[in-house]
Amino acid sequence: MAVQPLVSDLNEWFGHNARDLPWRKPGVGAWAILVSEFMLQQTPVNRVIPHLQAWLQRWPTPAALAEAAPADAVTQWANLGYPRRALWLHRAAEEITTRHGGVVPRDVEDLLALTGIGDYTARAVAVFAYGERHPVVDTNTRRVLARVIDGRSQPGPPSRRDLDAMDALLPHEREDAALFNAATMELGATICTARAPRCDACPVASLCAWRSAGYPDTGDRRPRQATYEGSDRQVRGLVLRALRESSPSPVAAEDLAPDWPDPAQRDRAIDSLIVDGLIELEDGSACLPRGRKSLSEASAAP
DNA sequence: CACACGTGGCG
DNA sequence: TCGCCAAGTGT
């Protein structure tokens, strides 16, 4: 049952070099894994860790979170960024409670049907929480495969082919496959990094196509990120921060980001936050979503 | 498929 | 300083 060198080398390396992260401790349940994966969507590991601990202490089960008001989820989310993820996590908790009896589902199909869970998170939960065998592909995995397998400096744009590429490398045994998924991500996070890869410390340097090719810069950079200063994103962030800090007290609309130089843009931002369900506006004052069960929700339950 | 969506740290 | 980057997802 020999697996290919890439797998054995990476898994061996992972066995000795895996960081001691909270969601890797023995006995961590599927709910904790799921919450950690939500928080890790575009937020760095080091910033997630303290928030994860606090979140799980407050809401140890999906049912506990489902009973809370969305506003409390958004407030607890604090400055993790992309606050809609707090809303999505709250909604997923409701769905888990009503559709799955409060148990985080194991099947990728079921996981994908939950709000805020896509190709990555669904497989990460199935694999890391339940030991199922699936390819788990995140930005680290894509970069590692681009370099080691394809000899390119950067991965191309995300594609469903990424799943197939990882699937083709996956060892047969579930446990090995889970380790390989985690090891590949870990390599990308700590050694095969985007900016300054530490190829001298890489356990698979001898197998690396990018190295054999002489580390060519194959371009293929991701699209430039829009300027944050003065953006809708920034105003939305300011508005939401004010509401978080005053929650549960409402704030008069005119007191939300009052110094913002472009009032029209600020008003549009507030409207978009309402559309997104992140805030509610009533009688000229705003607050975080209180989450009265809507008629559709109440009657949707079987 | 390209784009919007927060926030902060690092080279 | 400032642009790049971070365990993505939904539209």
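Start by selecting DNA strand C together with the residues around it: there are 27 of them, and W23, L40, G116, D138 and Q225 come nearest. Keep in mind as you click around that this is a predicted model. Colour those residues by class and you get an even split, with 9 nonpolar, 9 polar and 9 charged. Now look at the DNA side. Of the strand C atoms within 4 Å of the protein, 64% belong to sugar or phosphate, and the rest belong to bases.

Next, zoom in on some individual contacts with strand C. Pick D138: one of its polar side-chain atoms lies 2.6 Å from a sugar or linking oxygen of DNA strand C. Then pick Q42, where an N or O atom of the side chain is 2.9 Å from a phosphate oxygen of DNA strand C. For Y120, show the backbone, as a polar backbone atom there is 3.2 Å from a phosphate oxygen of DNA strand C. Which elements give two or more residues to this surface? They are α2 (30-40), α8 (119-128) and α9.

Stay with Q42 for a moment. You'll find Q42 in the loop between α2 and α3 (45-58). Is Q42 buried or exposed? Q42 counts as exposed, because its relative accessibility is 65%, and the cut-off for exposed is over 50%. Check its backbone too: phi of Q42 is near 75°, a positive value in a residue other than glycine.

Now go back to D138 and select N140 as well. The two side chains make a polar contact at 3.1 Å. N140 sits in helix α9, which covers residues 139-148. Turn on the surface and ask: is N140 buried or exposed? With 14% relative accessibility, N140 counts as buried, since buried means under 20%. To see what is packed around N140, leave out residues up to four places away in sequence; N140 then touches M185, G188 and A189. Show the backbone of A189 here, because the N140 side chain reaches its nitrogen at 3.4 Å.

Time to swap strands. Select DNA strand B and its surroundings: 17 residues this time, the closest being R47, P83, R233, R236 and G237. By class, this surface has 4 nonpolar, 6 polar and 7 charged residues. Of the strand B atoms within 4 Å of the protein, 50% belong to sugar or phosphate, and the rest to bases.

Highlight α6 (84-99) and α13 (232-246), which each supply at least two residues of the surface near DNA strand B. Which element gives the largest share? That is α13, with 4 residues.

Three side chains are worth a click here. R233 has an N or O atom 3.1 Å from a base nitrogen of DNA strand B. R244 has one 2.9 Å from a phosphate oxygen of DNA strand B. For N79, the partner is also a phosphate oxygen of DNA strand B, at 3.1 Å.

Finish with two backbone stops. First, select S247 and P248: the peptide bond from S247 to P248 is cis, with omega near 10°. P248 is in the loop between α13 and β1 (251-252). Then jump to D283, in the loop between β2 (280-282) and β3 (285-287). Phi of D283 is near 55°, a positive value in a residue other than glycine. D283 is exposed, too, with a relative accessible area of 77%.

Terms used. Residues are numbered from 1 along each chain as its sequence is written. Chains are lettered from A and ligands numbered from 1 in the order in which they are written. This is a predicted model: local features need pLDDT of at least 70, side-chain atom pairs count only at pLDDT 80 or more; totals for chains, interfaces and linings use all residues. Side-chain values use heavy atoms; hydrogens and water are left out. Buried means under 20% relative accessible area, exposed over 50%, partly exposed in between (1.4 Å probe, protein chains only). A polar contact is a pair of N or O atoms within 3.5 Å; within protein, one must be able to donate a hydrogen and the other to accept it, and residues adjacent in sequence count only if both atoms are side-chain atoms. Contact means heavy atoms within 4.5 Å. A residue is near a molecule or strand if one of its heavy atoms lies within 4 Å of it. Ala, Val, Leu, Ile, Met, Phe, Trp, Tyr, Cys and Pro count as nonpolar, Asp, Glu, Lys and Arg as charged, and the others, Gly among them, as polar.
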